[in-house]
Amino acid sequence: MRRSISFVLTLLLLIGSLLLSACNANLSEAELISNIHEEANKTSIKYNEALDLLTASEEYEYTVDIYNETLANFDYTNKEMPNYKDNPEDKKWYKPKITYYYAKISGSEYVKISFTDVQKDESNMPMFEDEKNKNPIFIQESIAEYSKTDGIFTVKVDGIIEFSGASDDFDPSSYDKRVLQLFDVHINPNLILSIMKKYSDLSSFLDSVFSTQNRTLFAQKISLYKTIDIIGNNNDYVPFSLSENAEGLEEDFSVDWQLINGILINNICVTAKRDKVLQVEYNSEIIHSYQRSINQIWNNENVVSWFGDRVEASKMVVEFNYGTNKNPVNIP
Amino acid sequence: MENVAEKKYLKKKDYITFSMARFAASAVSGLAQGYLLIFYTAVLGVKPVSVGIMFLISKIFDGVDDPIMGSFIDKTRTRWGKLRPYLIFGAIPFGIITILLFLPINSFGSELKLVYMYVTYLLYGFVGSIVGVPLDGLPAVASPNNDERTKLISISRVVGSIGEQSALVLYSLFAIFMNMKYSYMTMGIIIGLIAPVFMLMGAFSIKERIKPTLDTTKLLDGFKYLFQNKQFGIMIISNLLTFFRNLVSASIIYVVSYIYGNGSLNIAFALPGAVAAMLGMLFAPKLKKKMDAKQLFIFSTIFHSLALLLVFIVGYKVPWIVTSALMFLAMLPVGILNVVPHLMAMDTLDYWEDKTGRRQEGVTFSIISLRGKVSSALKDFVLASFLTYFMFSTPLTTINDHSPWQLEFTQSGIFMLFTIIPAVLNLASIIPMFFYKLSGNRMLDIQKRLQTKRESDSENLLEKLEENSPEVFGSSQEICVDSESSDL
């Protein structure tokens, strides 16, 4: 009997503790932000260690398939989506093919960018092979090559030299070739290193940090920053924790879609092992606000509601090659 | 006199009606497991953390009520048997609770919603044990013929796995012309109305042919039995460790949504897996004739792990159809592994009866039912922990149908959760099997001794009947010679 009573009491204690812990789980927003900042500082140390490793590397190469999509038929003026809820195929995503190759051996650097645009109609909308708007019709690939050896900067497009001289004198806007306007290669040819450097100064984006995480798996150290910025109605960017239009965190995070243009979500993840950076991943998405008129059946009234949905996104996964006997780093 | 162990007791009708009862129970559990979380969070607007805590508390509640329920069953002595009365009287309340679970009580305040949720979910667990434990235990007493019992379990499990998918079919149908709220409510009503009818058909049709012993059990005997019957305890530990394989089916939605980027592929992965598992269940009785339950368990576990390893080696950067086809192969032994615990449970019952003269179906199947619930809770916990470790990015609820980018590290982690992690951890369930002795000749010897005992009991019973003795229900272990004698 005594045993049974002890068992029941232990059980009640366990249930009570669980309920109590659930009640105490809600930290204030200030406490949660303070915790995020504390974790971000820890991540910053590991992240910058990885960045130092890459900066110090004298010989390496990488190829990136840059995934990029933009909702071409989103009405930015009236903030209206195409009628995709009734017909998902109404969404016309503009998805050109872009690849970026970078190689470095001592002081010499080489970049090769390939760009394959999508055929567009008279309204500047992407054209597709099928009615479901799945497979874009691509037009001919264009390749730009940049090399920097002994201070001389050379630019070729589809094998023809377009420029040769000091890199400061190169102005991509004076060329109408789209492939030359994709990235400011003459300022910083190493695309991934320049993205990584943006995240090296934690103080400049700390209020945008939504979460940070660090893991160690099979001697690989993985560090992740996730950030959110609120895009105001004037397209101004405000870190989420400083914005008046954002509330809560994690699952309670909410914004008033009627008062903002959208949110920008970025994340960058670095994987390092011993003295090498193995992988960098950079993802980005823009969620835009939009309005929709909904008919309420019970009173037959049309009510305008505001929502948010993805209109732009990009993804880059970079794996580095530091040169092996089988696969050496070569500058063409 | 015909050999008791070889005589056929079950008719086609018994297989059909019992399978219908199993279909009903599985349809309700498929509905609750598959849609209750989303109903609470998306329709009633309850925070996921509150639902998670409620699920956890309900498992603790089940941990107490399941073995107590088993002891109650083992204490029960009625002219209908010890299992069937619970199924008969529990079926209608079970149907009502199923309907109540999915009532869209949106007009309730948040606190009242929580109270309603707790009351109905705990009642669902409690009434679920009242009907579930007897349903699991009935095959063990429906026939003294071991092959018939194996066949009954196997067929009913196959039909049950079809029942489990019935909610998916209903939802696909209702989602076309109803919103989420009314789809779930209608599913609850339809399944809640059909389930009691099917359960009652099964309960009235099948007979309890192995009669209970005279020994009475105390309420806490359920807990003691787990430690007393060591072979049963070993079997339960081993089966508890098989929860890792549930990670495979639980990860499907993550694999299709975040690796293949198409949530609607869920059915393309889940259905072949379910079909493969059904085929495995159908093969189980044939394989049981070639090897004992222990060998079958070890063979199926290793086969499953090797097949998952193959899927892992092939990787996820292949067309989804390749992964889906390979998973069909990997899921074949899962059907066998779903049946084997019930076969082993019957062996532990025979072993205990041979050793002590007592047969405790109620406790045995209540603990098996509890094992299933604990496994489900552990699976959810392990899955959530691994997803957190692999930096899974949860959708922002402020955005419609948000599908955030997942890192390569996360995608690899999800694929590992789908393949190599269960493949390796599953093997842990084989370790307790090294201490499991109910196999080969030992089990044959036990069954021979029991057969002799049952034949002797049967002869004694006939003699008593001839002497017009009214004492037909009192010997230590009786076989019902005339199946009609236990009719309602």
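Trainee: Which residues make the nonpolar surface patch of about 630 Å²?

Mentor: In this predicted model, the patch is made by B:Phe299, B:Phe303, B:Leu310, B:Val314, B:Trp320, B:Ile321, B:Val322 and B:Leu329.

Trainee: And which elements give two or more residues to the nonpolar patch?

Mentor: Those are helix H12, which covers 293–314, and helix H13, which covers 320–356, both in chain B.

Trainee: Let me pick B:Val322, which is found in helix H13 of chain B; why does B:Val322 count as partly exposed?

Mentor: The relative accessible area of B:Val322 is 33%, and since partly exposed is the class between 20% and 50%, that is where this valine falls, because buried would need a value under 20% and exposed a value over 50%.

Trainee: Staying in chain B, what about B:Ala277, is that one buried or exposed?

Mentor: B:Ala277, found in helix H11 (residues 266–290) of chain B, counts as buried at 9% relative accessibility.

Trainee: What is B:Ala277 in contact with, leaving aside its neighbours within four places in sequence?

Mentor: With that exclusion, B:Ala277 is in contact with B:Met331 and B:Gly335. There is also a C-alpha to C-alpha distance of 8.4 Å between B:Ala277 and B:Phe328, although the two are 51 residues apart in sequence.

Trainee: Then B:Ser156, where does that lie, and in which helix?

Mentor: B:Ser156 lies in helix H5 of chain B, which spans residues 146–164, and with a relative accessible area of 2% this serine is buried. Once the neighbours within four places in sequence are set aside, B:Ser156 is in contact with B:Phe18, B:Ser19 and B:Arg22.

Trainee: Switching to chain A, how many helices and strands are there?

Mentor: Chain A has four helices and 15 strands, and 44% of its 332 residues count as buried. Among the contacts in chain A with a separation of 6 or more, 60% are accounted for by residues 24 or more positions apart.

Trainee: How about the area that chain A exposes, what share do carbon and sulfur atoms supply?

Mentor: They supply 50% of it, the exposed area of chain A being about 18200 Å².

Trainee: Last topic: how much space lies in the second largest pocket, in Å³?

Mentor: About 590 Å³. Of the 22 residues lining that pocket, the closest to its centre are A:Asn68, A:Phe183, A:Tyr282, A:Ser314 and A:Met316.

Trainee: Which elements each supply at least two residues of that lining?

Mentor: In chain A, these are strand E1 (59–71), helix H4 (191–198), strand E14 (276–296) and strand E15 (301–321).

Key
Residues are numbered from 1 along each chain as its sequence is written. Chains are lettered from A and ligands numbered from 1 in the order in which they are written. This is a predicted model: local features need pLDDT of at least 70, side-chain atom pairs count only at pLDDT 80 or more; totals for chains, interfaces and linings use all residues. Side-chain values use heavy atoms; hydrogens and water are left out. Buried means under 20% relative accessible area, exposed over 50%, partly exposed in between (1.4 Å probe, protein chains only). Contact means heavy atoms within 4.5 Å. Accessible areas come from the Shrake-Rupley method with a 1.4 Å probe; for residues, only the protein chains shown count as cover. Patches are made of residues with over 30% relative accessible area and no salt bridge: like charges are joined within 9 Å, nonpolar side chains (Val, Leu, Ile, Met, Phe, Trp, Tyr) within 5 Å. A salt bridge is a side-chain nitrogen of Lys or Arg within 4 Å of a carboxyl oxygen of Asp or Glu. On a 1 Å grid over the protein atoms alone, a cavity is a set of points where a 1.4 Å probe fits but cannot get out, and a pocket is an open set with protein on both sides within 12 Å along at least five of seven lines; lining residues have an atom within 4 Å of a point. Grid points are joined across faces, edges and corners, and a volume is the space filled by probe spheres set on the points.
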